[in-house]
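Let's take a friendly walk through this fold, going from the sheet outward to the helices. Keep the viewer open and rotate along as you read.

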Amino acid sequence: MKVLVLGAGMYVTGRGGTGPGTVLAALCEAGRDTQVEVVVAATAAENAAIVEAKAGELNRRLGTGVPVGYRRIGGDVETSVAALAAEGFDAAIVCLPDHLHFAAVAALLGAGVHTLVVKPLTPTLDEARTLTDLAR
């Protein structure tokens, strides 16, 4: 299973917190039973080293070997995410700042990628309804 993770902050890598984060840790744990490949995509170049270090640490601690790569994205969120989605991901987890959820999720759903979003789904009810319609 090829999983795209959008964002590299506290939920994903534990950055700024006291633990390892939940998203990358859960994906590495899933690697025990399922073949998982992860690509983390975010805007800052320095995230590449953070993601690599955290993935290495988690794989060592869990005894797994989940490959985790990093892609730097920039510019318009919807365009960047649509380009990534075209690479054939089975699923995506959106862990971006709340105001970016709508554009990212719309692009993923438009590409047919199964998508999980950290709360809130969107900042507005209208955006949430639009995404619900897209998902249908």
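Before we begin, one term will help: two strands count as paired if DSSP finds at least two bridges between them. Please also keep in mind that this is a predicted model.

A good place to apply that term is the pair formed by strand 4 and strand 5. These two strands run in the parallel sense and are joined over four bridges. If you want a spot to zoom in on, take Ala91, whose bridge partner in strand 5 is His114. The chain does not go straight from one strand to the other: strand 4, helix 5 and strand 5 together make a right-handed β-α-β unit.

Now zoom out to the whole sheet. In what order do the five strands of the open sheet lie? Reading across, the order is 3-2-1-4-5, and the pairing is parallel. Strand 3 and strand 5 stand at the edges with a single partner strand each, so one side of each has no neighbour in the sheet. From one strand to the next, the twist averages 20 degrees. As general background, strands of a sheet pair through backbone hydrogen bonds, either parallel or antiparallel.

Let us follow the other part of the sheet, beginning with strand 1, residues 2-6, which runs parallel to strand 2 and is joined to it by five bridges. Here Leu6 stands opposite Ala41 in strand 2. Ala41 is a handy landmark, since Arg71 is its bridge partner in strand 3. Strand 2 covers residues 37-42 and strand 3 covers residues 68-72, and these two strands also pair in the parallel sense, over five bridges. To get from strand 2 to strand 3, the chain passes through helix 3, residues 47-62, in a β-α-β crossover that is right-handed.

With the sheet in place, turn to the helices. Helix 2 lies across strand 1, strand 2, strand 3 and strand 4, and runs at about 170 degrees to strand 1. Helix 2, residues 23-30, also packs against helix 3 at an angle of about 45 degrees, with their axes 10 Å apart. That angle is why helix 2 is described as oblique to helix 3. The crossing of helix 2 past helix 3 is right-handed. On the helix 2 side, the contact is made by Leu24, Ala25, Cys28 and Glu29, while helix 3 brings Val51, Lys54, Ala55, Leu58, Asn59 and Leu62. Sorted by class, the residues of this contact of helix 2 with helix 3 are seven nonpolar, one polar and two charged.

Next comes helix 5, which takes part in two helix pairs described here. With helix 4, residues 77-85, the axes come within 8 Å and cross at roughly 30 degrees. Helix 4 and helix 5 are therefore roughly parallel to each other, and their crossing is right-handed. In this contact, Val77, Glu78, Val81, Ala82 and Ala85 of helix 4 meet Ala103, Ala104, Ala106, Ala107 and Leu108 of helix 5. The contact of helix 4 with helix 5 has nine nonpolar residues, no polar ones and one charged.

Helix 5, residues 101-110, packs with helix 6 as well, at an angle of about 10 degrees and with their axes 10 Å apart. That makes helix 5 roughly parallel to helix 6. Phe102, Val105, Ala106 and Leu109 in helix 5 touch Glu127, Thr130, Leu131, Leu134 and Ala135 in helix 6. By class, this contact of helix 5 with helix 6 divides into seven nonpolar, one polar and one charged. Ala106 is thus worth selecting in your viewer, as it appears in the contact with helix 4 and in the contact with helix 6.

One backbone detail rounds off the tour. Most peptide bonds are trans. The peptide bond from Lys119 to Pro120, however, is cis, with omega near -10 degrees. You will find Pro120 in the loop between strand 5 and helix 6.

Methods. Residues are numbered from 1 along each chain as its sequence is written. This is a predicted model: local features need pLDDT of at least 70, side-chain atom pairs count only at pLDDT 80 or more; totals for chains, interfaces and linings use all residues. Side-chain values use heavy atoms; hydrogens and water are left out. A crossover is right-handed if, with the strands pointing away from the viewer, the path from the first strand over the helix to the second runs clockwise. Axes are lines fitted to C-alpha atoms, for helices over the stretch in contact, and angles run from 0 to 180 degrees between N-to-C directions. Angles under 35 degrees count as roughly parallel, over 145 as roughly antiparallel, 65 to 115 as roughly perpendicular and the rest as oblique. A crossing is left-handed if the near helix is turned anticlockwise from the far one by less than a right angle, and right-handed if clockwise. Contact means heavy atoms within 4.5 Å. Ala, Val, Leu, Ile, Met, Phe, Trp, Tyr, Cys and Pro count as nonpolar, Asp, Glu, Lys and Arg as charged, and the others, Gly among them, as polar.
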